[in-house]
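Student: I'd like a close look at how one part of this structure packs. Could you walk me through it slowly, starting with a pair of helices that touch?

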Amino acid sequence: MESSRGMVVSADGFASAAGIEIMRAGGNAIDAAVATGFALAVTVPRAGNLGGGGFMVIHPADGAAVALDFREVAPAAAHRNMYLDENGAVAPGLSTAGALASGVPGTVAGLVHAWGKYGSGNITWDQVLEPARRLAHDGFPLSADLAQHLRDHREWLASHAESRRIFLRGGDFYQPDERFAQPDLATTLERLQHEGASDFYHGETAALIANSQTRDGGVITLADLGAYRVIERPVLRGTYRGFEFITMPPPSSGGIALQQMLGMLEPYDLRAMGANSADRIHVVIEVMRRAFRDRAEYLGDPDFHAVPQDRLTAPAYIRGLMADFDPDRATPSGELRRGLPTWVESTETTHFGAVDAAGNVVSCTYTLNGNYGSGVTVAGAGFLLNNEMDDFTAKVGVKNMFGLLQSEANAIKPGKRPLSSMTPTIVLRDGRPFLVTGSPGGPSIITTVLQVMLNVIDHDMTLAEAVAAPRLHHQWQPDRITNEAGLATEETLATLEAMGHTFALRKFYALESEAAAPRIGTANSIMVKDSDHFIGVADPRRPSAAAMGF
Ligand code: DON
């Protein structure tokens with residue numbers, strides 16, 4: 001999709017159209033992104049949300065880039081052992097399913113902050129919410145993709161009566177093309193229009209959330225909601241082969257890991273190796289392994305734990321991470337040397353982006369964490385709450401739902417934000433925004449963003465090719481590679497195995513099993529060719545994703 005005045009990419013056509021509608025009404029890219037964010041809460045209930053949180057990287061046309069942190073926070077009653085049973089073992093499901101799995105939601109605070117401070121001023125609060133309210137009130141025809149997704153998650157959604165009633169129509173599943181209206185959610189959005197975003201944190205919506213938590217066994221209170229704050233953080237800045245990029249600092253691990261991986265890769269001539277060669281895949285896996293080891297060990301919410309960000313991103317440190325790289329052999333994860341020499345300091349999601357002709361750029365990833373979050377819908381308010389508490393370390397040495405091992409740095413504390421992998425990123429060329437990207441996918445968010453960047457910068461792919469190209473993922477532990485179908489030839493994959501790499505899904509090597517193969521990430525992206533030439537690419541892995549131009 002190409003356009004000259006603006007572009008919005010998101011996981012859903014109605015949501016992208018909401019952003020374009022706002023641009024046509026005189027809004028800038030930030031206004032558009034906010035409208036798209038609210039619309040996704042209606043049309044992509046697996047991840048679009050009011051009851052979750054996220055990160056937004058904004059590059060305003062005039063002014064400094066900023067990272068908005070509207071990540072969920074642990075409620076006041078949360079404590080480090082809250083997901084352990086009486087024997088000290090992690091109680092299965094407690095941090096992922098049901099009311100106790102939720103952090104205090106940040107999305108509404110984040111979106112109102114973005115609109116109020118970085119919007120054009122041409123779009124009222126009422127206007128920016130209107131496409132979402134209309135979609136919830138009037139309903140929209142369900143895509144085959146969403147109808148199937150709801151059906152596939154029937155057990156999760158049926159675990160809570162309100163979720164079952166709304167999203168499964170009481171068990172009478174919605175069919176493709178049927179109109180899906182959400183009257184309770186429409187009422188909530190209308191109340192937000194009239195009362196302002198503070199309704200969500202101090203008003204009737206806050207009361208509905210707190211009541212639902214009490215009834216369902218959660219611990220989020222009115223006081224927790226009232227205390228929620230968006231944090232503006234300095235963007236994390238890095239460079240790669242002459243390109244600059246701005247991305248998310250902690251409590252995301254994504255920016256640091258991305259900077260480390262790109263820094264480790266810079267000395268290698270990936271272009272000469274070729275995108276699908278064993279040499280190139282080997283070095284890419286090895287940098288992923290090393291960055292994720294540091295993620296596990298050192299990262300957490302910087303407001304609670306001193307994250308050694310400068311040391312972890314220092315060029316000499318990053319170069320040193322590859323000191324034990326062997327060009328011919330995989331380094332077993334268990335044998336990696338410790339990263340920092342001494343440790344003295346006490347560290348289904350959806351992605352969308354928008355650009356406009358004035359030069360405003362937004363890259364935003366927000367989430368409920370798992371598909372449909374905790375599975376709990378706030379009674380009377382019609383929206384799902386997140387299960388973001390699972391992103392904390394429930395117990396050191398025990399994996400979370402993404403198989404991530406994490407440290408004390410990410411232990412649960414009241415008011416703390418769980419470590420994230422969300423990596424909304426803007427790549428600059430000659431100081432001007434060039435590539436806007438990001439993805440869902442838990443830890444594979446970071447490796448997806450990496451591969452989109454490498455494909456564009458090193459392998460000269462068009463944006464469509466860069467987004468579509470088969471991806472791989474390695475996260476240090478477990479010590480194995482997940483890959484999409486078509487990553488490389490059988491011969492190349494066998495060479496990599498001979499070097500000591502393990503592929504989790506051997507049967508997915510072959511192209512013919514594509515239908516059954518895993519899909520890694522959904523990198524809806526925009527390339528700015530010129531100030532009036534935008535290319536939007538919806539990731540083909542999600543049939544409903546849509547790029548729309550203006
Ligand atoms: O913040 C994070 O890293 C996770 N909560 C993201 C979850 C996610 O991407 C799920 N989507 N597929």
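Tutor: Sure. Start where H14 passes H17: the crossing there is right-handed. Keep in mind that this is a predicted model. The axes of H14 and H17, the latter being residues 444–457, come within 11 Å and cross at roughly 140°. On the H14 side, the contact is made by Arg280, Val284, Met288, Phe292 and Arg295. Facing them from H17 are Ile446, Thr447, Leu450, Gln451, Leu454 and Asn455. Sorted by class, that contact has 6 nonpolar, 3 polar and 2 charged residues.

Now stay on H14, which spans residues 278–298, and look at its contact with H19, residues 490–498. Here the axes come within 9 Å and cross at roughly 50°, so H14 counts as oblique to H19. The crossing of H14 past H19 is again a right-handed one. Ala278, Ile281 and His282 are what H14 brings to this contact, and H19 answers with Thr492, Thr495 and Leu496. The residues of the contact of H14 with H19 divide into 3 nonpolar, 3 polar and no charged.

For another helix pair, go to H1 and H2. They pack at an angle of about 150°, with their axes 7 Å apart. Roughly antiparallel means an angle over 145 degrees, so that is how H1 sits relative to H2. This crossing is right-handed too. From H1 the participants are Phe14, Ala15, Ser16, Ala18, Gly19, Ile22 and Met23. They meet Ala29, Asp31, Ala32, Ala35, Thr36, Ala39, Leu40 and Thr43 in H2. By class, the contact of H1 with H2 has 10 nonpolar, 4 polar and 1 charged residues.

One residue in that list deserves a stop: serine 16, which has its place in helix H1, residues 13–24. Serine 16 has a relative accessibility of 0%, so it counts as buried. Setting aside neighbours within four places in sequence, serine 16 is in contact with Val8, Val9, Ser10, Thr36, Ala546 and Met548. Thr36 in that set belongs to the H2 side of the helix contact.

H2 also leads into the nonpolar interior. The largest nonpolar core has 76 residues, and those with the most contacts inside it are Phe38, Leu50, Met56, Leu189 and Phe383. Helix H2, residues 29–43, gives this core its largest share, 11 residues. Take methionine 56 from that group: beyond neighbours within four places in sequence, its contacts are Ala33, Val66, Ala67, Leu68, Phe70, Leu111, Ala114, Val362, Ser363 and Cys364. There's a second, separate core as well, with 64 residues, including Leu435, Ala466, Leu472 and Phe503.

Last, a loop residue to set beside buried serine 16. Threonine 221 lies in the loop between helix H10 (204–216) and helix H11 (222–226). Its relative accessibility is 35%, so threonine 221 counts as partly exposed. Measure along the chain and threonine 221 is 12 residues from isoleucine 209; C-alpha to C-alpha, the two are 8.1 Å apart in space.

Terms used. Residues numbered from 1 in each chain as written. Predicted model: local features only at pLDDT ≥ 70, side-chain atom pairs only at ≥ 80, totals over all residues. Heavy atoms only, no water. Axes fitted to C-alpha atoms, helices over the stretch in contact; angles between N-to-C directions. Helix = DSSP H or I, 4+ residues; strand = E, 2+ residues; numbered from the N terminus. Parallel < 35°, antiparallel > 145°, perpendicular 65-115°, else oblique. Left-handed = near helix turned anticlockwise from the far one by under 90°. Contact = heavy atoms within 4.5 Å. Nonpolar A, V, L, I, M, F, W, Y, C, P; charged D, E, K, R; others polar. Core = buried A, V, L, I, M, F, W, Y, C linked by side-chain atoms within 4.5 Å. Buried < 20%, exposed > 50% of the residue type's maximum accessible area, 1.4 Å probe, protein only.
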